[in-house]
Amino acid sequence: MSSKWLSRAHKMITICITLVFFLPLYLVLVNIFKENDKIMADPLGFPTRFTLENLKGILTRPDHLLFTSMWNSVVITAISLLVIIVSSSMVAYYLVRNDSKKTRLLLLFFLFGLMVPTTIILIPVVKVLMAAHLMSSKIGLIVFYMGYYVPFGIFMYSGFIRTIPRELDEAASIDGSGPLRTFWKIIFPLLGPCTSSVIIFIGLWVWNDFLNPLIIIGPIKGTTITAGIYRVIGQFSINWGQMFSMMFLASLPIIVLYLALQKQFVEGITSGSLKG
Amino acid sequence: MSHGLIIYLGLVILPVIFCVYYSFTNFNPLYPDFNWIGIDNYKKLASDAEFGHAIYVTCLIAFIVTLASNGLGLLSALLVNFKGWVYNASRTVFFTPQVLSPVIVGFIWSIILTDEGVLNKLLGYIGLGGTSWLANTSVVVYSIIAVIVWQSMGFCTVVFLATLQSIPSDLYEAAKIDGCNRWQKFKHITFPLLAPGITINTVMLLISSFKVFDHVVVLTNGGPGTTTETISLKIINMGFNENQMGYASSMAVVLFLLIGIISVVVVTLLKRREVEY
């Protein structure tokens, strides 16, 4: 009897704490559908009259900010992920399979990059990108992400490739497959769990990144969604309904992905960090 | 393969070297010529009270965020480490802020914390007077810390849950036979075996909160005055707004050394207390 009560109490406490924790997100969700004077008067109340004006206001902005910056973010994130995955998995494979003093040093040299915060290198990075005529462009930002996140990719992949038996490579090479073909046909498909961790980690970092797009792409054109929000949010200082709608729409893709692939998210993060 | 290496060299290693080099110059993008000025920048830094304050603020944020997120993450992991839809839903909620952009989290909380904001209204309902959470110089740092903790706690929860599930259940059975109570089980089995989780959380949180930038820019932009300026904020302002890139680079070198030293010390200390049963 008492243990039943205990478990019920435990459940109630969990629900209460979760609700309090959820409050800021609830605030966004309910106020999207309320008129502005209602938001000011009673920010936490449930909407009595649903309105879609706030969402409409954002979706029909004359400058199409949401669509263009969202598209930019999608392009930048997708291409960055692609180049990072291709190059870091191949580098890691090469370094792990050709074990020697030289490659071990090279691996350490790459891992050094994990320790470098962007704020430290941003000033010289701007110089380098200017010299390469890549400043103020999406390509510049993508190239920067590639250089900056390849160490993380190598770190994840090199740990994972070590667990794949070498006999697989040897069997393939006896059957006459070259190293490149062995990698893409046999090894890379086995790296699936690692690749999904890399996609989740780096995808989140790139999508949510704020400082680098702001400085590398510049404030005027072609911003990403995160930098775009920062730029326009001042316009809504009194219009909380539109501000909440903007934030909701900007995070929607990531929230949907998270809810749909929750298991992979959690596994990706824990396997990446616990085994790494 | 070689592309990866060249881009890494060009955009990470070269900039690190340049950053160190610039820190010994009076480099300013508005003037084409700049000179080697030796350690003048570092001398100036040593007597720069505002930079000292930025180091203090950054360390305060890093220290409390790491402690609080670990503590609350552990409590919440113990709370939801059960089967049932309530606990699953609760886990989902705890982790959600982690996937959001710090900029968006900052904006949500700035609406909650402004003078006419949601928190003060709520406090008004129950008859308490609030304060200016983002303008009162004695609480503003803690407001920022609270926001960061809200966002990063879910990461700790998830890591702790995974660590908890990796503890073999026969240890608990043995403890039961030996007549341990709940607290003894936690103290002698759970807590020591959580060590790898603590190491990961601490390292991840320390590194990320030492370079904290987004939250601060959105919530206070370093204000009121320079009360909440962190090292990263100072580097960016000095480098890109005041154009003193040489001086900003010397700050960057200090930040880099700080992060390097602290991560080495913390990793060695925490690794030493990890145990294997």
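Colleague: How many Å separate the centres of domain 1 of chain A and domain 2 of chain A?

Modeller: This is a predicted model, so take every value as computed. The two centres, taken over C-alpha atoms, are 38 Å apart. The domain assignment puts domain 1 at residues 2–50 of chain A and domain 2 at residues 63–236.

Colleague: What is the radius of gyration of chain A, and how does that value read against a compact globule?

Modeller: Chain A has 24 Å. A compact globule of 276 residues would come out near 19 Å. Look at the box too. The C-alpha atoms of chain A fill roughly 75 × 70 × 35 Å along the principal axes. For chain B, the C-alpha trace spans about 75 × 55 × 35 Å.

Colleague: Which secondary structure elements make up each chain?

Modeller: Helices. Chain A has 14 of them and zero strands. Chain B has 13 helices and, again, zero strands.

Colleague: Where does UniProt place the feature "transmembrane region" in chain A?

Modeller: An unreviewed UniProt entry lists residues 12–33, 74–96, 105–130, 142–161, 182–207, 213–233 and 240–261. Now set the record against the model. Residues 74–96 of chain A are 100% helix, with end C-alpha atoms 32 Å apart. Residues 142–161 of chain A are also 100% helix. Their end C-alpha atoms lie 26 Å apart.

Colleague: How many residues of chain A are in contact with chain B?

Modeller: Count both sides. 60 residues of chain A meet 59 residues of chain B. On the chain A side, helix α1 (residues 2–31) gives the largest share, 11 residues. Then check the chemistry. That side holds 45 nonpolar, 13 polar and two charged residues.

Colleague: What should I know about nonpolar cores?

Modeller: Start with the general idea. In soluble globular proteins, nonpolar side chains tend to be buried together. Here is the case at hand. The largest nonpolar core has 145 residues. F144(A), M247(A), I104(B), I108(B), M251(B) and L255(B) touch the most other members. Helix α7 (residues 138–161) of chain A supplies the largest share, 16 residues. Domain 1 and domain 2 of chain A each contribute at least three residues to this core.

Colleague: Which residues does L255(B) touch, leaving out those up to four places away in sequence?

Modeller: I120(A), I231(B) and I235(B).

Colleague: What percentage of each chain is buried?

Modeller: In chain A, 42% of the 276 residues are buried. In chain B, 40% of the 277 residues count as buried.

Colleague: How do I read contacts by sequence separation?

Modeller: Take contacts between residues 6 or more apart. In chain A, 74% of these join residues 24 or more positions apart. In chain B, the share for residues at least 24 apart is 71%.

Colleague: Which residue of chain A has a positive phi of about 55 degrees?

Modeller: First, the background. Most residues other than glycine have a negative phi. S136(A) has a positive phi of about 55 degrees, and it is not a glycine. S136(A) sits in the loop between α6 (118–131) and α7 of chain A.

Colleague: Why does S136(A) count as partly exposed?

Modeller: Because S136(A) has 16 C-beta neighbours inside 10 Å. A residue needs 20 or more to be buried, and 12 or fewer to be exposed.

Colleague: Where in chain B is N243(B) found?

Modeller: N243(B) is in the loop between α12 (231–241) and α13 (245–273). N243(B) has a positive phi of about 60 degrees although it is not a glycine. N243(B) counts as partly exposed because 15 C-beta neighbours lie inside 10 Å.

Conventions: Residues are numbered from 1 along each chain as its sequence is written. Chains are lettered from A and ligands numbered from 1 in the order in which they are written. This is a predicted model: local features need pLDDT of at least 70, side-chain atom pairs count only at pLDDT 80 or more; totals for chains, interfaces and linings use all residues. Two residues are in contact if their C-beta atoms, placed from the backbone, lie within 7 Å. Helices (H or I, at least four residues) and strands (E, at least two) are DSSP runs, numbered from the N terminus. Ala, Val, Leu, Ile, Met, Phe, Trp, Tyr, Cys and Pro count as nonpolar, Asp, Glu, Lys and Arg as charged, and the others, Gly among them, as polar. Domain bounds come from an automatic or database domain assignment. UniProt positions are given in the numbering used here, feature names are shortened, and annotations may be inferred rather than shown by experiment. A nonpolar core is a set of buried Ala, Val, Leu, Ile, Met, Phe, Trp, Tyr and Cys residues joined through C-beta atoms within 7 Å. The radius of gyration is taken over C-alpha atoms; the globule rule is 2.2 Å times the number of residues to the power 0.38.
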